[in-house]
Number of protein chains: 2
Amino acid sequence: MVCLLKIRGMLEQMSVIERKLADFILDNANLLRDYSSQQLADAVGTSQSSVVKFCQKLGYKGYPDLKLAVSEAVITASTLNRDNQEQNPVQSGLVNLVEQLQFSLTSHLRGILEINEEKSLLDAASHLSQADKILLAGYGTSAIVAHDMQFRLLQLGKLALQHSDPALTLQLASTLSSNSVMLLVSESGQNSDLLKLARYAKNKNIPLISLTSFKANALSMAANTALYALSGDENVRVNPILVQLAQQHLCHILYLMLCQRQNSDHQLEESSKLLHILEQP
Amino acid sequence: MVCLLKIRGMLEQMSVIERKLADFILDNANLLRDYSSQQLADAVGTSQSSVVKFCQKLGYKGYPDLKLAVSEAVITASTLNRDNQEQNPVQSGLVNLVEQLQFSLTSHLRGILEINEEKSLLDAASHLSQADKILLAGYGTSAIVAHDMQFRLLQLGKLALQHSDPALTLQLASTLSSNSVMLLVSESGQNSDLLKLARYAKNKNIPLISLTSFKANALSMAANTALYALSGDENVRVNPILVQLAQQHLCHILYLMLCQRQNSDHQLEESSKLLHILEQP
DNA sequence: CCAGTATTGAATAATTTATTCCGCCTTGGC
DNA sequence: GCCAAGGCGGAATAAATTATTCAATACTGG
């Protein structure tokens with residue numbers, strides 16, 4: 001950063017060739033990465049030795065030294081810009097797609113702590129950690145989330161139930177007691193099967209945690225602890241993905257909170273040993 | 001940023017000397033600036049040529065290339081840290097946990113485009129888009145990824161098969177032709193059930209796409225198109241989560257690429273209408 | 001106009017990086 | 001257990017990049 005300013009500052013007191021070099025470097029700072037001193041000389045129309053002398057005159061040890069300084073400047077500048085400017089309009093299709101997706105995702109994830117009170121997360125974690133059984137449910141995209149969370153909970157040694165069949169899930173629910181917990185995941189918060197489960201939970205006094213999009217919905221109203229993931233990307237294809245990932249991310253946060261509570265490194269080691277065995281041919 | 005993650009992710013499969021080099025670089029990333037390949041070799045106690053070979057093995061053109069990448073990593077990291085630390089000096093455990101997780105995740109996701117050549121992604125997308133059937137498989141954490149991707153592909157109207165039972169999956173595989181595609185997901189790339197599937201695919205000439213961690217592994221060797229997700233967070237509890245999310249993210253990118261190809265907004269609308277129906281009580 | 005100085009580039013030296021080649025070790029097959 | 005194949009590491013060497021020297025030229029102030 002300082003480097004480019006320094007060059008700019010000395011522009012006036014430079015000779016013709018030096019100035020050409022300086023201009024070229026300022027204009028193509030981001031490309032300098034790929035130039036050797038000779039190439040730079042050719043590009044500007046001067047000799048390689050002049051390039052080196054130019055560098056030394058500016059106070060650098062030699063050409064690589066200047067090059068590195070310029071690269072650093074470019075990178076800090078672009079890092080800062082990336083955060084500040086939010087978006088870069090023109091890029092190759094694929095890169096663009098990926099950047100866009102990552103940007104949206106990052107904002108969605110950042111939002112998690114804003115729309116969920118810390119207390120809700122702590123509540124949810126303590127419910128889960130005290131539960132003798134945990135019933136997970138979610139259909140459609142949310143099934144992935146429920147499934148994922150089931151896996152994590154099982155890893156922690158928690159008894160976690162989940163099934164993709166709503167009828168069977170109700171059967172499973174009938175085995176719960178008030179020491180158990182239900183964790184219901186739904187984008188809309190209106191899925192009828194989940195609402196049935198919620199009613200059942202209320203009747204049997206089973207603590208209910210909901211994980212839905214951040215908007216008023218029946219499921220979160222019925223829940224003892226309501227957790228939310230941001231929704232609302234305008235793109236119909238992207239939005240479901242973001243919501244799902246945000247939900248998963250929230251689950252992962254809960255999982256890590258549980259890890260901190262029960263110091264379960266032992267179990268994890270065990271389970272990774274198991275995985276190792278599975279990978280033997 | 002990604003550069004150091006990449007190195008960390010490959011630590012396991014390195015030889016003694018390579019590992020010494022990697023450790024030294026990771027420990028002294030900020031000092032590498034001032035090392036020539038020879039000096040680095042001396043510092044680690046190896047030969048200059050080994051240093052160069054190490055760089056090339058990691059995918060860099062040569063030593064200066066690696067050096068620059070490391071410098072970039074150091075600078076972006078320090079710039080980001082500066083920003084983060086300015087914003088949040090001391091925090092509660094929870095906020096800290098979340099920030100940490102998001103930061104790691106972001107780096108992992110950013111890395112996707114760096115460790116996967118654009119060509120691989122395009123290849124994978126065109127394989128998937130041309131396939132008459134797609135068999136997905138993954139066990140353990142990767143099952144979630146496979147399951148997720150199945151859901152997306154079905155939404156696009158692609159015939160996507162997946163089952164959690166390895167034996168049944170083999171049965172499913174027997175229904176594939178050379179117009180089909182297999183997409184196998186595995187963190188390690190060594191799962192024996194998946195390798196069986198891979199062998200089968202090879203015999204029947206079925207195109208094979210692998211999605212594994214970024215390190216040499218049997219599965220990606222066997223694949224026609226090898227896709228990678230970064231691995232290598234030091235925390236044993238966090239790493240599996242990051243790998244899984246990176247894998248899912250990569251799948252989502254593929255999904256969006258497919259969306260762009262077949263302009264399938266129509267189908268998506270249909271399917272969201274369906275979802276709406278499901279949510280009527 | 002001239003002496004003195006600064007600037008430039010060709011040639012060359014020095015340094016750094018990349019490649020080649022060879023010996024060593026491991027691995028897998030017989 | 002032995003041999004071939006292949007990967008790994010290092011010494012030597014080749015190639016490249018960078019730095020210096022030196023001579024020619026241009027410019028400046030007197």
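Q: How many residues does each chain bring to the contact between chain A and chain B?
A: In this predicted model, the contact takes 46 residues from chain B and 46 residues from chain A.

Q: And which helices supply the chain B side of that?
A: On the side of chain B that touches chain A, at least two residues each come from helix 5, helix 6 (93-115), helix 7 (118-130), helix 8 (141-155), helix 10 (192-204), helix 12 (238-261) and helix 13 (265-278) of chain B.

Q: Which one gives the most?
A: Helix 6 of chain B does, with 11 residues on the side that touches chain A.

Q: What's the make-up of that side by class?
A: The residues on the side of chain B that touches chain A divide into 24 nonpolar, 14 polar and eight charged.

Q: Switching to the cores, how many residues are in the largest nonpolar one, and which have the most contacts inside it?
A: The largest nonpolar core has 142 residues, and Leu254(A) and Leu254(B) are those with the most contacts inside it. As background, nonpolar side chains in soluble globular proteins tend to be buried together.

Q: What is Leu254(B) in contact with, leaving aside its neighbours within four places in sequence?
A: With those neighbours set aside, Leu254(B) is in contact with Leu121(B), Ala124(B), Ala125(B) and Leu128(B). There is also a second, separate core of 17 residues, which includes Leu21(A), Ile25(A), Leu66(A) and Ile75(A).

Q: OK, DNA now. Which residues are closest to strand C?
A: DNA strand C is surrounded by 19 residues, of which the closest are Ile17(A), Ser47(A), Ser36(B), Ser49(B) and Gly62(B). Helices from both chains take part in the surface near this strand, with at least two residues each from helix 2 (16-27) and helix 4 (48-57) of chain A and from helix 3 (37-44), helix 4 (48-57) and helix 5 (63-87) of chain B. By class, that surface has five nonpolar, 11 polar and three charged residues.

Q: And which come nearest to strand D?
A: Around DNA strand D there are 20 residues, and Ser36(A), Ser49(A), Gly62(A), Ser15(B) and Ser49(B) come nearest. For the surface near this strand, helix 3 (37-44), helix 4 and helix 5 (63-85) of chain A and helix 2 (16-27) and helix 4 of chain B each supply at least two residues.

Q: Which helix has the largest share there?
A: Helix 4 of chain A has the largest share of the surface near DNA strand D, namely five residues. The classes for that surface are six nonpolar, 12 polar and two charged residues.

Q: What does chain A look like overall in secondary structure?
A: Chain A comes to 13 helices and five strands, and of its 281 residues 42% count as buried. Among the contacts in chain A with a separation of 6 or more, 64% are accounted for by residues 24 or more positions apart.

Q: Why is strand 3 of chain A largely enclosed?
A: Strand 3 (residues 181-185) of chain A is largely enclosed by the rest of the structure because five of its five residues are buried. Both faces are covered, with Val181(A), Leu183(A) and Val185(A) buried on one side and Met182(A) and Leu184(A) buried on the other.

Q: Which strands does it pair with?
A: Strand 1 (residues 134-137) of chain A runs parallel to strand 3 and is joined to it by four bridges, with Leu136(A) standing opposite Leu183(A). Strand 4 (residues 208-213) of chain A also pairs with strand 3 in the parallel sense over four bridges, and here Met182(A) stands opposite Leu208(A).

Q: What do strand 3, helix 10 and strand 4 of chain A make together?
A: Strand 3, helix 10 (residues 192-204) and strand 4 of chain A make a right-handed β-α-β unit. The loop between helix 10 and strand 4 of chain A holds Asn205(A), whose phi is near 60 degrees, a positive value in a residue other than glycine.

Q: Is Asn205(A) buried or exposed?
A: Asn205(A) is exposed, with 10 other C-beta atoms within 10 Å. In chain B, Asn205(B) has a positive phi of about 60 degrees although it is not a glycine, and Asn205(B) is exposed with 9 other C-beta atoms within 10 Å.

Methods
Residues are numbered from 1 along each chain as its sequence is written. Chains are lettered from A and ligands numbered from 1 in the order in which they are written. This is a predicted model: local features need pLDDT of at least 70, side-chain atom pairs count only at pLDDT 80 or more; totals for chains, interfaces and linings use all residues. A residue is near a molecule or strand if its C-beta atom, placed from the backbone, lies within 6 Å of it. Ala, Val, Leu, Ile, Met, Phe, Trp, Tyr, Cys and Pro count as nonpolar, Asp, Glu, Lys and Arg as charged, and the others, Gly among them, as polar. A residue is buried if 20 or more other C-beta atoms lie within 10 Å of its own, exposed if 12 or fewer, and partly exposed in between; C-beta atoms are placed from the backbone. Two strands pair if DSSP finds at least two bridges between them. A crossover is right-handed if, with the strands pointing away from the viewer, the path from the first strand over the helix to the second runs clockwise. Two residues are in contact if their C-beta atoms, placed from the backbone, lie within 7 Å. A nonpolar core is a set of buried Ala, Val, Leu, Ile, Met, Phe, Trp, Tyr and Cys residues joined through C-beta atoms within 7 Å.
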